[in-house]
Amino acid sequence: MERPCLYIVIPCYNEEQVLPITSGMFLEKLNSLMGAGKISEDSRILFVNDGSKDGTWEIICRLAAEDPHYIGISQSRNRGHQNAVLAGLMEAKDRCDITISIDCDGQDDINAMDEMVDAYLDGCEIVYGVRSRRDTDTFFKRFTAEGFYKLMNWMGAEVVYNHADYRLISSRALQELANFKEVNIFLRGMVPLVGFKSTSVYYERHERIAGKSHYPLRKMLSLAFDGITSLSVRPIRLITGLGLVIAVLSFIGVIWAVVSGLMGNTVTGWASTVCIVCLMGGIQLLCLGVIGEYIGKIYLETKARPRYIISDRTWEEP
């Protein structure tokens, strides 16, 4: 079998502190895989600058000038982690045989790439990098993250437990992923929908090497909500079920009130009435909010705006 060409796709946003450190680690791993005869000499490390406000793009350009194995693209503005990963994958799909997407902060174990490539050579088109444990996380982060994966699966969205965006995807699978045209993307749920033979590689995640995390609690919750509403309609169905239950209870309450009135056992109570009105009002507003989120996503999808715009490359296009 001919050695496959590998592109390591690395999204970067304000990573000037960590990039000079991890770039050498990625190059060392690439050379190791080429030296072992697992990948071809045409393999590359593709950095995707996601509209960074610091010197990230300048560092990428310098790396590309120093070693031809480094290449980079820059988005016209910040469009978010998922769009940056997608931009790199779509840029690479016609240039290589396999891609491995990984964050540049050094937390994901790059040695897992060996097993990923081996799994591809054994016939797998998609290989998921899965955390074997979460000892480095706080209790709150571990509890919320594991709860998120369980909630996603319960909602009907097919996601791999404890898998983020560290994965190998073949060019064949990427060609099919390119047919997914939605603007609201959640790759952890979209990639499993592509199908093909897949497997998982387990690794331990480390602490961030340098710099600060770009995923605080607010962004994590936003990503989780986007994932649920982009991949599942179960929240709408839950609202329908909730409405049915409340309607039945209300109907029983009306019968009880009429019977009590006919029997002369009228019940007075301002507090209980206010509580019921407030409860019903809160439930209605919550339901309208969920429905509004779906309508907002439909609105964005109908516009069909580009998911990413590449403004610069470290190489000249023919």
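**Exercise 1. Work out whether helix α7 is buried or exposed.**

*Solution.* Start with the element: α7 covers residues 187–194. Helices here are DSSP runs of H or I with at least four residues, strands are E runs of at least two, and both are numbered from the N terminus. Next, fix the yardstick: a residue is buried under 20% relative accessible area, exposed over 50%, and partly exposed in between, using a 1.4 Å probe and protein chains only. Now go through the helix: Leu187, Arg188, Gly189, Met190, Val191, Pro192 and Val194 are buried. That makes 7 of the 8 residues, so α7 is largely enclosed by the rest of the structure.

Before you go on, keep in mind that this is a predicted model, where local features need pLDDT of at least 70 and side-chain atom pairs count only at pLDDT 80 or more, while totals for chains, interfaces and linings use all residues. Residues are numbered from 1 along each chain as its sequence is written, and side-chain values use heavy atoms, with hydrogens and water left out.

**Exercise 2. Find what comes after α7, and look at the phi angles there.**

*Solution.* Step one: Gly195 follows α7, and its phi is positive, near 90°. Step two: move on to Phe196, which sits in the loop between α7 and β7 (198–203). Phe196 isn't a glycine, yet its phi is positive too, about 70°. Step three: check its cover. Phe196 has 31% relative accessibility, so it counts as partly exposed.

**Exercise 3. Describe Asn14 in the same style: its place, its phi and its exposure.**

*Solution.* Asn14 belongs to the loop between β1 (6–12) and α1. Its phi is positive, about 50°, although Asn14 is not a glycine. With a relative accessible area of 24%, Asn14 is partly exposed.

**Exercise 4. Which residues does Ser23 touch, leaving out those up to four places away in sequence?**

*Solution.* First locate it: Ser23 is part of helix α1 (residues 19–35). Then look at its cover: the relative accessible area is just 2%, so Ser23 is buried. Finally, list its contacts, meaning heavy atoms within 4.5 Å. Ser23 touches Phe47, Leu63 and Tyr70.

**Exercise 5. Do the same for Asp312, then find how far it is from Ser76.**

*Solution.* Asp312 is in strand β8 (residues 310–313). Its relative accessibility is 38%, so Asp312 is partly exposed. Skipping residues up to four places away in sequence, Asp312 touches Trp57, Gly72, Ile73 and Ser74. As for Ser76, it's 236 residues from Asp312 in sequence, but their C-alpha atoms are 7.9 Å apart in space.

**Exercise 6. Try two more pairs: Gly37 with Glu2, and Gln284 with Ile239.**

*Solution.* Take Gly37 to begin with. Gly37 is in the loop between α1 and β2, and at 34% relative accessibility it is partly exposed. Gly37 and Glu2 are 35 residues apart in sequence, and 9.9 Å separates their C-alpha atoms.

Now Gln284. Gln284 is found in helix α10 (residues 270–303) and is partly exposed at 49%. Along the chain, 45 residues separate Gln284 from Ile239, and the C-alpha distance is 9.5 Å.

**Exercise 7. What residues line the largest cavity?**

*Solution.* Rolling a probe the size of a water molecule over the atoms shows where empty space is left. On a 1 Å grid over the protein atoms alone, a cavity is a set of points where a 1.4 Å probe fits but cannot get out, and lining residues have an atom within 4 Å of a point. Step one: the whole structure holds 1 cavity of 30 Å³ or more. Step two: the largest cavity has about 30 Å³ of space, a volume being the space filled by probe spheres set on the grid points, which are joined across faces, edges and corners. Step three: its lining is Thr22, Met25, Phe26, Ile102, Asp103, Gly106, Asp108 and Ile110.

**Exercise 8. Zoom out: how many helices and strands does the chain have, and which element has the highest mean pLDDT?**

*Solution.* The chain has 10 helices and 8 strands. For confidence, use pLDDT, the predictor's confidence in each residue from 0 to 100. The chain's mean is 81, and 75% of its residues reach 70 or more. Strand β2 (residues 44–49) has the highest mean at 95, and helix α8 (residues 217–231) the lowest at 65. To finish, 45% of the 318 residues count as buried.

Conventions:
On a 1 Å grid over the protein atoms alone, a cavity is a set of points where a 1.4 Å probe fits but cannot get out, and a pocket is an open set with protein on both sides within 12 Å along at least five of seven lines; lining residues have an atom within 4 Å of a point.
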